[in-house]
Amino acid sequence: MRIAIFASGGGSNFQAIADACRAGEIPASVVLCVASSAGAGVCDRAQTMNIPVFVVKGISDPETEELQAVLARHQVDFIALAGFMRKIPGSLVRAFENRMLNIHPALLPAFGGTGMYGSRVHEAVIAEGVSSSGATVHIVDEEYDTGPIVLQESITVLGTDTPASLAMRVLEVEHRLYPKAIDLFARKLIQIRGREVIIQPKS
Ligand code: GRF
């Protein structure tokens, strides 16, 4: 499986996935990093690993066509969104139906949707007083955070948690959970029926 990772930030999930692929833990390779700006930390990580970087300019039709052509040139057959702060054009979602994942730093369907990103998610979790949070890996559809759920892992929200401390502990979960979800796709252990994601046991 040839993966493109789309990211806008520091790229710690990019790193976790690329490392797991390089270590042979996932039968796949990260062949492209798609970033929303050349200054994003993820670009340095990709360059250090000799993974090509493509910086998207926007989501107009010609820009989307250019991105699709870059993905085709690198023979990308799977996309992992990891903190990508731009709306994915519908045509790209459709072209990668059931082959595009996202990670969200909370237990969807709670604390997701438009405007729920970054520290806002953890602020909302704490403000709501819920006792658990965590991370969710889901298939990308044309809305924000609504696609079928592949994997979730929860952690306890502590009375002493701040949005920053919670974000840090959720991020640790993400670095385990995202490679695990991608591995299931790479090993073809996932079947999707409507909103149901069926996971076959690893032999
Ligand atoms: C993660 O918390 C992820 O859940 C969210 O954006 C953040 C990206 O972090 N979608 P990083 O750039 O991978 O460190």
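C43 is buried in this predicted model, with a relative accessible area of 3%. The cysteine takes part in no disulfide, and the nearest cysteine sulfur, that of C33, lies 5.3 Å away. A disulfide is a covalent bond between the sulfur atoms of two cysteines. Since the cut-off for such a pair is 2.5 Å, the separation of 5.3 Å between the sulfur atoms of C43 and C33 does not qualify.

C21 is likewise a buried residue, at a relative accessible area of 10%. The closest cysteine sulfur to that of C21 also belongs to C33, but the distance is 13 Å, which is too far for a bond. A search of the whole structure accordingly returns zero disulfides.

The two buried cysteines lead to the helices that contain them. C21 falls within helix α1, which spans residues 12-22, and C43 falls within helix α2, which spans residues 41-48. These two helices pack with their axes 9 Å apart, at an angle of about 20°. Because of this angle, α1 and α2 are roughly parallel to each other. Their crossing is right-handed. On the side of α1, the contact is formed by S12, F14 and Q15, which meet V42, R45 and A46 of α2. Sorted by class, the residues of this contact are three nonpolar, two polar and one charged.

Helix α1 has a further partner in helix α6, which covers residues 163-186. The axes of α1 and α6 come within 9 Å and cross at roughly 45°. This angle makes α1 oblique to α6. The crossing of α1 and α6 is right-handed. In this contact, S12, N13, A16, I17 and A20 of α1 meet L171, E174, H175, Y178, P179 and I182 of α6. The contact of α1 with α6 comprises seven nonpolar residues, three polar ones and one charged residue. S12 appears in the contact with α2 and also in the contact with α6.

Attention may now turn to helix α3, which runs over residues 61-73 and includes T64. Is T64 buried or exposed? With a relative accessibility of 6%, T64 counts as buried, because the limit for that class is under 20%. Which residues does T64 touch, once its neighbours within four places in sequence are left aside? T64 is then in contact with I59, P89 and S91.

Terms used: Residues numbered from 1 in each chain as written. Predicted model: local features only at pLDDT ≥ 70, side-chain atom pairs only at ≥ 80, totals over all residues. Heavy atoms only, no water. Axes fitted to C-alpha atoms, helices over the stretch in contact; angles between N-to-C directions. Helix = DSSP H or I, 4+ residues; strand = E, 2+ residues; numbered from the N terminus. Parallel < 35°, antiparallel > 145°, perpendicular 65-115°, else oblique. Left-handed = near helix turned anticlockwise from the far one by under 90°. Contact = heavy atoms within 4.5 Å. Nonpolar A, V, L, I, M, F, W, Y, C, P; charged D, E, K, R; others polar. Buried < 20%, exposed > 50% of the residue type's maximum accessible area, 1.4 Å probe, protein only.
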